[in-house]
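Biologist: I'd like a close look at the interior of this one, please. Start with any enclosed space, then tell me what is packed around it.

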Amino acid sequence: CNHFFVARFLFRTSTNMGLANYFNLRKSFPFYASYHLEPRNQLIHMFGVPTLYTTFLYFCTHVKYRGVSLADVTAAFYATSFTVMEPVAGLLYAPCIYGMHQLAVKTCPKAHNFCIGLHIVAWLAQFFGHGYYEDRRPALLENLFQSIHAAVFFVWLELLFFLGYKPSLHEELMREARQLKAKATGKAA
């Protein structure tokens, strides 16, 4: 009976946005950003998301087929999809993705328990940020797979936007994010 509810949740959250929008920056970023408009919550995510991604990659190193781990496939998928979504930002992020992958593959195995603890603390920080600062449930409860994919690129793009990268694109994406939040909450963002 529990398996039915889990499957229904995963299916519902994975189909809310549509698979084609996963790789469309103008759909994916505003969706995720609409849950992350409060600067303190964004700051928590700037540290928490890369930590979660790196420790997740470490966990994926344990799943291998013919010498290729799920961490290898995941890192390649993320780097490629981000480059497709926004070529310059994606190419600039690819070395960071590679660095997180290398950290997961080479350093994390020496600190297994620490990685588990870090992963748990990072998740708790994310939920705290949403509950305390955003006063809104996390995006992953709306669309699990989209959120897990979008989060990793979101923090990178927010850093680039903060540094002055494509200000007109940033304003366009944030305008859409504020509209999505207002529609979802009934309040102006």
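How many cavities of 30 Å³ or more does the count come to?

Modeller: One cavity. Before we go in: this is a predicted model, so local features need pLDDT of at least 70 and side-chain atom pairs 80 or more, while totals for chains, interfaces and linings use all residues. Residues are numbered from 1 along each chain, and side-chain values use heavy atoms, leaving out hydrogens and water.

A cavity here is a set of points on a 1 Å grid where a 1.4 Å probe fits but cannot get out, and lining residues have an atom within 4 Å of a point. The volume is about 40 Å³, counted as the space filled by probe spheres set on the points. Its lining is made of Leu25, Ser28, Phe29, Met85, Ala150, Phe153, Phe154 and Leu157. Helices α3 and α8 each supply at least two of those residues (helices are DSSP runs of H or I, at least four residues; strands are E, at least two). α8 gives the most, with four.

Phe29 is a good way into the packing. Skipping its neighbours within four places in sequence, Phe29 is in contact (heavy atoms within 4.5 Å) with Phe154, Leu157, Glu158, Phe161, Leu173 and Met174. Phe29 also joins Tyr93, Ile97 and Phe153 as the residues with the most contacts inside the largest nonpolar core, which has 40 residues. Such a core is a set of buried Ala, Val, Leu, Ile, Met, Phe, Trp, Tyr and Cys residues joined through side-chain atoms within 4.5 Å, where buried means under 20% relative accessible area with a 1.4 Å probe. α3, α4, α5, α6, α8 and α9 each give two or more residues to this core, and α8 has the largest share, 10 residues.

There's plenty of aromatic stuff in here too. The count is 18 aromatic pairs, taking ring centres within 6.5 Å, with planes under 30 degrees apart as stacked, over 60 as edge-to-face and the rest as tilted. Phe31 and Tyr35 are edge-to-face, because their planes sit at 65° with the centres 5.6 Å apart. Tyr93 and Trp156, on the other hand, are stacked, at 4.7 Å centre to centre and 10° between planes. That second pair links distant parts of the chain, from α6 to α8, 63 residues apart, and both of its residues are buried. Tyr93 and Trp156 also belong to a cluster of linked ring pairs, together with Phe23, Tyr53, Phe77, Tyr78, Phe82 and Phe153.

Met85, from the cavity lining, is among the buried residues of α5, which include Tyr78 and Phe82 as well. α5 itself has 16 residues and spans 22 Å between its first and last C-alpha, close to the 22 Å expected at 1.5 Å a residue (1.5 Å times one less than the number of residues).

Back to Tyr35: it lies in the loop between α3 and α4, yet it is buried, at 5% relative accessible area. Beyond its sequence neighbours, Tyr35 touches residues including Asn41, His130, Arg136 and Pro138. Its C-alpha is 9.1 Å from that of Leu180, 145 residues away along the chain.

Zooming out, the chain has nine helices and two strands, and 43% of its 189 residues count as buried. Among contacts between residues at least 6 apart in sequence, 76% join residues at least 24 apart.

Definitions and conventions: Buried < 20%, exposed > 50% of the residue type's maximum accessible area, 1.4 Å probe, protein only. Phe/Tyr/Trp six-rings, centres within 6.5 Å; stacked < 30°, edge-to-face > 60°. 1 Å grid on protein atoms, 1.4 Å probe; cavity = no way out; pocket = protein on both sides within 12 Å on 5 of 7 lines; lining within 4 Å.
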